[in-house]
Amino acid sequence: MAKWVYSFGDGKAEGRAEMRNLLGGKGANLAEMSSLGLPVPPGFTITTEVCTWYYANGNAYPAELKHEVEQALGQVEQVVGAKFGDPNNPLLVSVRSGARASMPGMMDTVLNLGLNDRTVLGLGKSAGDERFAWDSYRRFIQMYSNVVLDVGHHYFEEALELKKEDLGVQLDTDLKADDWRSVVTEYKKIVEKRTGKPFPQEPREQLWGAIGAVFGSWMNQRAITYRRLHSIPESWGTAVNVQAMVFGNMGDDCATGVAFTRDPSTGENLFYGEYLVNAQGEDVVAGIRTPQLLTVQGKLAQKSDAPAMEEVMPAVFKQLAGVRNTLEKHYRDMQDIEFTVQRGKLYMLQTRNGKRTAKAALRIAVDMVREGLIDHTEAVARIIPSSLDQLLHPTLDPKAPRKVISKGLPASPGAASGKVVFTADEAELQARGGEKVILVRRETSPEDIHGMHAAEGILTSTGGMTSHAAVVARGMGKPCVAGAGDVRIDAKAGTLSVRGTVVKAGEFITLDGGTGEIMLGVVPTVQPELSGDFAELMVWADKVRKLGVRANAETPTDAATARKFGAEGIGLCRTEHMFFDGDRIVAVREMILADDEKTRRAALAKIQPMQRKDFVELFEIMAGLPVTIRLLDPPLHEFLPKTRADMEQVAKDLNVSAEEVEARANKLHEFNPMLGHRGVRLGISYPEIYEMQARAIFEAVAEVQKKGGKTVIPEIMIPLVATRKELDLMKAVVDQVAAEVSQLSGEKLDYLVGTMIELPRAALRAGEIAETADFFSFGTNDLTQTTFGLSRDDSASFLEKYQQRGIFEHDPFASLDTEGVGELIEIARERGRKVRNNLKLGICGEHGGDPASVFFCHKAGLDYVSCSPFRVPIARLAAAQAALGGPLKTE
């Protein structure tokens, strides 16, 4: 038969820490602290399974629950020596939620339960303090009425303010016992008026009302939103903890507080926390009174005049410091603890693994290895890979005020402020003059690269997490907010507007690429610092991971950044990004406007030395590490101007008419360019383009090898292949050029030719394609688009709705769809390696830097992932955790 209730207290417990799925985090840790002999007020936990039953059975409880609750309540009465509902010596309890994952402030709590018109008198007598008893009763009425009876807080707050005005006082502490008695009378009238019923006087009715409210709060809007943001499944449910009340507000020998066993901001091994004398727990977090610091050291650091607990209650503080050491040694992690002191006696109300910054998490993990509390692998498993973003990019100063005007998608982390500009050219011009600018566009295109590079951050009103703006910004390590649908951009008028707020060109805004927030004015930022702890943890991570980590990079800056962050090669060099620089774009456009092969080759001959120089720089930086170079992928019209003015400028540069440029642009226009004349299809139509690129690559290899550089083995990648024949034709072009360059240079050239798998057909025909390909690189951005039939640039407007409705668990462009796209990858791996068992496999879409996608790639048996340079540390850590079986589940 199922057991629904677990008791704890008096140095023993029916539960333990490992039972957090059943007892919730709070209940499991209360049980554990009891078993450790720590001073925990007795109580019991109603399990998460009751929550599941409650929702599955029309908000009803299992038949046995009432009896089990009564038994557990009887045990609490025995330990405390007071009876629930006894008018002379009443037991009071708190009722709190406790899910298995910490959800601070998301669900409901009721304190002082069991008070009524009779027990309040008994509490006053047993405590020897009537004022305290009536104050506790009015707190209980307000809290219970709000949580259980749905009466707004403000009704009670207004009544209390009126009472204080009548009495001519300002502080709650100025009210006497009789004053609180009359406040209670007023509060009960409010309840009857708002609910049509008197405030419940029967303690058991109060108890079951509170239990129902806690289970009900699992489905309140706050909790639903929090779960969605933190990927907490609805099916987990919450537990309910019922615990004997202890009071921090019975006088000056009482206190309540919150502490961390180490500094949660820096990770320093210092006892860190706050307390209030003569207060209840809610007073510390409500901000009504300014808390005091626990330690003398903390007090001095904060330049506070208020005495530290170490000074005011030295004996209790010493006991609390002992509890700190016990808990850290036991849990082997930094703890967040709540405590109450009642009449000089310490009680522990909660412990959990403390939330911390990424900087603190690193320091704590590394310090705990040095202290012998944990080993290297546990340290690696503890750090949340995505949290490393905090260490690699500037973040907003948490203390700085900010005025948020809108929110988009957090497309690339980091924070930046700058003057608003609406064109890439303007961004470059102003940046050259020393101005900090934010480039604001409806969407960006490859033509905007120079402006994106010059800007501090990028804001777009359309596009998703893998839009051009997002991908390029992540590669550059610049903050980007994409798909901010509320933002109306009028580039002609030079304004952006959001619901009545208008920002003009030249005015300042701030972007937070980590949250997607857009703010008015300049918000100060905090620069990241990479500590020695970071480097040390990365060494430990690299020792255990099996998956290689490369970077997507095409500029020397990107390549050098990638190396600095530990990339083991380049997994994607997008050659088209090299085409947009100054002189080259003119030659590229000349090539596109050419009517015949001869003219086209003449234009390509101008581009070739520029491409060769690029590759020489990349190969020298990567010093013998693999470099995967994707030959030209986007459709040619992307390189042509869009506006009439730009077309006239191009016509002037090329000495042709503007009409000719416009006619060519119209001829190349496609209704669905993503599935149009691009990738290998360009190479089939114009083999001279791929021939030029291959020649530039091989001449660069020969040059680097002649200079005495390390032997470079380029991996030449043909994009968007659907059939083996396409790859055969292009491989023949590459092989021929390699033979010619080898003969002319006298250098032996080793190279691989492979393909990007970004079409479902290619994945299904992988066995056939592997007969020609030396490697596959899964282009998961396009493979996701073509598998779902979704445009990554247009889907942002409805993907959130899909997630809210439970159709998608997450944005498939941000985190790999392991079921559909994942199955195609596994099919391609299986069929490809059956034909060529040493077939090299990697992914180079944006998923390469997403921890959940990296776990999948490890499980699927890929050789490497490739991601933007700034995500390389994240991928390294995620790959290590995948090898260890996944990250450690902490709070």
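Which strands does helix α19 lie across, and at about what angle does α19 run to β16? The tour returns to this point after a short orientation.

The structure is a predicted model, in which local features need pLDDT of at least 70, side-chain atom pairs count only at pLDDT 80 or more, and totals for chains, interfaces and linings use all residues. Residues are numbered from 1 along each chain as its sequence is written, and side-chain values use heavy atoms, with hydrogens and water left out.

**First stop: the N-terminal strands**

Select residues 5-9, strand β1 (strands are DSSP runs of E with at least two residues, helices runs of H or I with at least four, numbered from the N terminus). Five of the five residues of β1 are buried (under 20% relative accessible area, 1.4 Å probe, protein chains only), so the strand is largely enclosed by the rest of the structure. V5, S7 and G9 point one way, while Y6 and F8 point the other way. In a regular strand the side chains alternate between the two faces of the sheet.

Next, add residues 43-46, strand β3, which pairs with β1 in the antiparallel sense over four bridges; pairing requires at least two bridges found by DSSP. Here T45 is the bridge partner of Y6. Then show residues 12-13, strand β2, which is joined to β1 by two antiparallel bridges. β1 and β2 form a hairpin with two residues between them, and D10 in the turn has a positive phi of about 60°.

**Second stop: helix α7**

Select D179, in helix α7 (residues 177-195). D179 counts as buried because its relative accessibility is 15%. Leaving aside neighbours within four places in sequence, D179 is in contact (heavy atoms within 4.5 Å) with K163, L167 and D174. The C-alpha atoms of D179 and L167 are separated by 8.8 Å.

**Third stop: the eight-stranded sheet**

Eight strands form an open, mixed sheet in the order β15-β25-β24-β17-β18-β19-β20-β16. β15 (404-407) and β16 (409-412) stand at the edges with a single partner strand each, so one side of each has no neighbour in the sheet. Within the sheet, β17 (residues 415-421) and β18 (residues 437-441) pair in the parallel sense over three bridges, and L439 of β18 is the bridge partner of V421.

Now select residues 468-476, helix α19, to settle the opening question. Helix α19 lies across β16, β19 (457-460) and β20 (480-482), and runs at about 45° to β16. Axes are lines fitted to C-alpha atoms, for helices over the stretch in contact, and angles run from 0 to 180 degrees between N-to-C directions.

Note on methods: Buried means under 20% relative accessible area, exposed over 50%, partly exposed in between (1.4 Å probe, protein chains only).
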